[in-house]
Amino acid sequence: LNMSRALGDVTAHRQAGITAMPDTRTVDLRPLLDGRECSEVLLVICTDGVWEFLEGPKVADLALEAVDDGGPEAVVSRLVTKAWDQWMSDSNGWICDDITAVCLRLPIAEAG
């Protein structure tokens, strides 16, 4: 998300090495679950405009609350609203960094 504004930018491509070809990898999430039985996990990706004021544990708490109220859309709405409110409070309504959030439900595949 950080460099998404530069996609298609010829100068950024030549000078900063930005490309539309993604780096991908597969990650087994099961070891992170500490033996808990889960059918899915939430993946929350945000720009620095969210992380400036909301730390990981707070984002996790907000996400778990909101997902029960309305799914990933509710998570995104709650996170960007909370970040916006924090920016406005901190800057007396003058400054706000880019605020972007994505939330996905990822199913946990059975081992094997």
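**Entry 1: overall layout**

Helices here are DSSP runs of H or I with at least four residues, strands are DSSP runs of E with at least two, and both are numbered from the N terminus. I am working on a predicted model. I looked up the elements and found three helices and two strands. I then read along the sequence and noted the pattern α-β-α-α-β.

Next I looked up the totals. The protein has 112 residues, and buried ones make up 24% of them. Its accessible surface comes to about 8300 Å². Carbon and sulfur atoms hold 52% of that surface. I also checked how far along the chain the contacts reach. Among contacts with a separation of 6 or more, 66% join residues 24 or more positions apart.

**Entry 2: helix H3**

I turned to H3, which runs over residues 56-90. How far apart are the end C-alpha atoms of H3? I found only 19 Å between them. A straight helix of 35 residues would reach 51 Å at 1.5 Å a residue.

I went looking for a bend. H3 bends by about 130° at Gly70. I also noted a proline, Pro72, which follows within four residues.

I then checked pairs of residues on H3. Leu64 is found in this helix. I looked up the distance from Leu64 to Val75, which is 11 residues away in sequence, and got 7.9 Å from C-alpha to C-alpha. Ala74 lies in H3 too. Its C-alpha atom is 8.3 Å from that of Ala63, and these two are 11 residues apart along the chain.

Are Leu64 and Ala74 buried or exposed? Leu64 has 54% relative accessibility, so it counts as exposed, the cut-off being over 50%. Ala74 has a relative accessible area of 19%, so it counts as buried, the cut-off being under 20%.

**Entry 3: the nonpolar core**

I looked up the largest nonpolar core and counted 14 residues in it. Which residues have the most contacts inside this core? They are Cys46, Val50, Leu54, Val75 and Leu79. H3 and strand S2 (101-107) each supply at least two residues of the core. The largest share, nine residues, comes from H3.

I followed Leu54 further. I left aside its neighbours within four places in sequence. That gave me contacts with Val59, Leu62, Leu79, Lys82 and Ala83.

Ala83 came next. It is found in helix H3. Its relative accessibility is 0%, so Ala83 counts as buried. With neighbours within four places in sequence left aside, Ala83 is in contact with Gly49, Val50, Leu54 and Ile99. I also checked Ala83 against Phe53, 30 residues apart along the chain, and their C-alpha atoms are separated by 6.5 Å.

**Entry 4: cysteines**

How many disulfides does the structure hold? I found zero. I took Cys46 as a case. The nearest cysteine sulfur to that of Cys46 belongs to Cys103, and it is 8.6 Å away. A disulfide needs the two sulfur atoms within 2.5 Å, so Cys46 is in no disulfide.

I compared burial as well. Cys46 has a relative accessible area of 11% and is buried. Cys38 has 33% and is partly exposed.

**Entry 5: positive phi**

I searched for positive phi in residues other than glycine. Asp34 came up, with phi near 50°. I placed Asp34 in the loop between helix H1 (10-16) and strand S1 (40-46). Its relative accessibility is 66%, so Asp34 counts as exposed.

Asn92 came up too, with phi near 55°. Where is Asn92 found? It is in the loop between H3 and S2. I noted that Asn92 follows H3. At 66% relative accessibility, Asn92 counts as exposed.

**Entry 6: recap**

My main note is on H3, with its bend of about 130° at Gly70. Nine residues of the largest nonpolar core come from this helix. Ala83 is one residue of H3, and I have it down as buried. My note on cysteines stands at zero disulfides.

Terms used:
Residues are numbered from 1 along each chain as its sequence is written. This is a predicted model: local features need pLDDT of at least 70, side-chain atom pairs count only at pLDDT 80 or more; totals for chains, interfaces and linings use all residues. Side-chain values use heavy atoms; hydrogens and water are left out. The expected span of a helix is 1.5 Å times one less than its number of residues. The bend at a residue is the angle between axes fitted to the seven residues ending there and the seven starting there. A nonpolar core is a set of buried Ala, Val, Leu, Ile, Met, Phe, Trp, Tyr and Cys residues joined through side-chain atoms within 4.5 Å. Buried means under 20% relative accessible area, exposed over 50%, partly exposed in between (1.4 Å probe, protein chains only). Contact means heavy atoms within 4.5 Å. Accessible areas come from the Shrake-Rupley method with a 1.4 Å probe; for residues, only the protein chains shown count as cover.
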